[in-house]
Amino acid sequence: MTTLTVLIIVVFVVGYMFIALESITKVNKAAIALLMFVACWTLFMVNPGIYLPGLTGNALTNAVNAAIEHHLGSTSTTLFFLMGAMTIVEIVDQNGGFNWVQTRMSTKSKRSLLWKIAFMTFFFSAILDNLTTAIVMIMILRKLVYDHKDRLIYASLVIIAANSGGAFSPIGDVTTIMLWNKGVITALGVISEIFIPSVISLLIPMLILQQQLKGELKQESSQPYDVRDGEVLEFTSSERKIIFIVGVGGLMFVPVFKSITHLPPFVGILLVLGVLWTVTEVFYRKLHRHQKEMTFQKRVSNLLSRIDMTTILFFLGILMAVACLEEIGVLTSMGGALNTIFNKNHYLVTGIIGILSSIVDNVPLVAGCMGMYPVEALGDMAVDGIFWQLLAYCAGVGGSILIIGSAAGVVVMGLEKITFGWYMKHISWIALLGYLAGILSYFIIRSTILPTAL
């Protein structure tokens with residue numbers, strides 16, 4: 001390993017430490033992530049020939065620029081998806097679309113709500129992406145839980161449930177989509193064999209966290225169905241349901257759109273945003289002039305200015321910094337070293353990869369594994385073999401161990417202002433227990449139940 005590679009790793013580790021200590025340093029994590037991104041790639045440019053041998057002069061410069069543009073393009077698809085999903089959910093929320101869902105979820109018992117929220121998040125995330133599911137559930141929680149301390153617990157469980165639910169579905173997480181498209185797992189195989197471990201990885205944290213919730217929820221003054229936050233809603237009940245169906249139903253349609261057109265998911269999310277935007281504009285046309293003036297703040301053109309750019313820039317910085325680690329071969333080398341150290345024990349290898357996915361983005365980790373390990377005809381490395389199914393589970397569920405280990409965690413961190421330190425102290429060990437229990441259940445299924453069934 002060259003001195004330059006070591007320096008890039010050190011910059012990433014130091015930057016990561018400052019992100020983890022945000023509550024102490026009071027420096028916004030987005031600023032640190034952007035500095036990490038620029039510093040890593042600047043060091044890369046000190047001597048790029050090390051990583052791109054055989055190229056010199058303009059050819060080398062062009063190759064580096066092409067690499068950065070390639071990673072930026074890949075990162076941008078995530079950012080546009082995030083912006084589109086956040087805007088869609090905000091449109092539905094501001095126009096009362098979640099009101100009737102709120103009435104279905106409403107309960108006085110804190111523990112009852114915990115179970116409802118957890119399982120709704122779990123199954124939503126198997127259909128929607130984890131990020132969108134987390135945003136939707138946080139919006140609903142804000143209408144049901146007014147005590148911020150309690151809501152931190154519910155929000156943390158949303159992160160765990162979203163990651164667990166996405167792991168057993170071929171369209172539930174970016175990494176499972178990658179593995180599914182590559183052909184190393186099948187839809188039936190991952191659903192039938194990862195479903196139980198995913199449920200267990202959620203049940204363990206639920207049983208522990210419910211001990212922290214006792215009694216009944218604090219109730220705000222009851223509001224009629226046509227009122228949101230003390231303000232009379234302009235749209236009728238039918239119109240609000242249409243907005244909810246177009247918004248949430250459209251999000252569910254995105255994977256279908258991708259499978260039909262083979263276009264990136266962000267294209268589908270922008271399609272849904274365009275349709276929902278048009279529908280709301282049509283509804284606004286029938287309002288009286290004074291109503292239009294009162295509701296200007298709720299129109300999409302204004303809601304777009306409310307996008308949380310801090311979260312967007314944090315994503316940009318983190319993903320591009322990780323892309324630099326990928327470009328210099330650190331992630332691939334790490335995977336190979338794991339395989340050697342643990343003597344191809346795939347439970348340990350994938351388990352470690354899952355824990356690593358809570359520190360760095362799981363997409364390049366899974367991509368590195370896909371490129372490093374060949375698919376075999378038989379055994380653990382075959383299609384739907386132990387390695388590939390465990391990789392789907394570990395890369396998804398392992399992201400819950402740290403709050404910045406998944407897209408769901410990052411967006412909830414921004415929406416609910418959860419600090420890295422609070423999550424690590426109160427939630428990380430609980431998520432880790434669920435993660436390990438899920439792996440153990442998978443081992444039991446593969447070593448005892450399946451052989452007996454066969």
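This short talk goes through the overall make-up of one chain and then its salt bridges.

What you have in front of you is a predicted model, so please take every value I quote as computed from that model. Let me begin with the chain as a whole. It has 22 helices and 2 strands, and of its 454 residues, 53% are buried. If we take the contacts in the chain with a separation of 6 or more, 76% of them are between residues 24 or more positions apart. As for the surface, the chain exposes about 19600 Å², and 67% of that area is supplied by carbon and sulfur atoms.

Now to the salt bridges, of which a search of the whole structure finds 4. I will discuss three of them, beginning with those that involve E416.

The side chain of E416 meets that of R142 in a salt bridge, with an N to O distance of 3.1 Å. In terms of sequence this pair links distant parts of the chain, since E416 sits in helix 20, residues 407-416, while R142 sits in helix 7, residues 130-144, and the two are 274 residues apart. The partners also differ in their surroundings: E416 has a relative accessibility of 1% and therefore counts as buried, whereas R142, at 33%, counts as partly exposed.

E416 also has a salt bridge with R151, and here the N to O distance is 2.9 Å. Because R151 lies in helix 8, residues 148-167, and E416 in helix 20, this pair ties together parts that are 265 residues apart in sequence. In this pair both residues, R151 and E416, are buried.

The third pair is R446 with E193, whose closest N and O atoms are 2.5 Å apart. R446 belongs to helix 22, residues 428-453, and E193 to helix 10, residues 187-209, so this salt bridge ties together parts 253 residues apart in sequence. On accessibility, the cut-off deserves a careful word, because buried means under 20% relative accessible area: R446, at 21%, therefore counts as partly exposed, while E193, with 15%, is buried.

Which residues, then, are joined into one network by salt bridges that share partners? They are R142, R151 and E416. To put that network back on the helices, R142 is in helix 7 and E416 in helix 20, with R151 in helix 8.

Methods
Residues are numbered from 1 along each chain as its sequence is written. This is a predicted model: local features need pLDDT of at least 70, side-chain atom pairs count only at pLDDT 80 or more; totals for chains, interfaces and linings use all residues. Side-chain values use heavy atoms; hydrogens and water are left out. Helices (H or I, at least four residues) and strands (E, at least two) are DSSP runs, numbered from the N terminus. Buried means under 20% relative accessible area, exposed over 50%, partly exposed in between (1.4 Å probe, protein chains only). Contact means heavy atoms within 4.5 Å. Accessible areas come from the Shrake-Rupley method with a 1.4 Å probe; for residues, only the protein chains shown count as cover.
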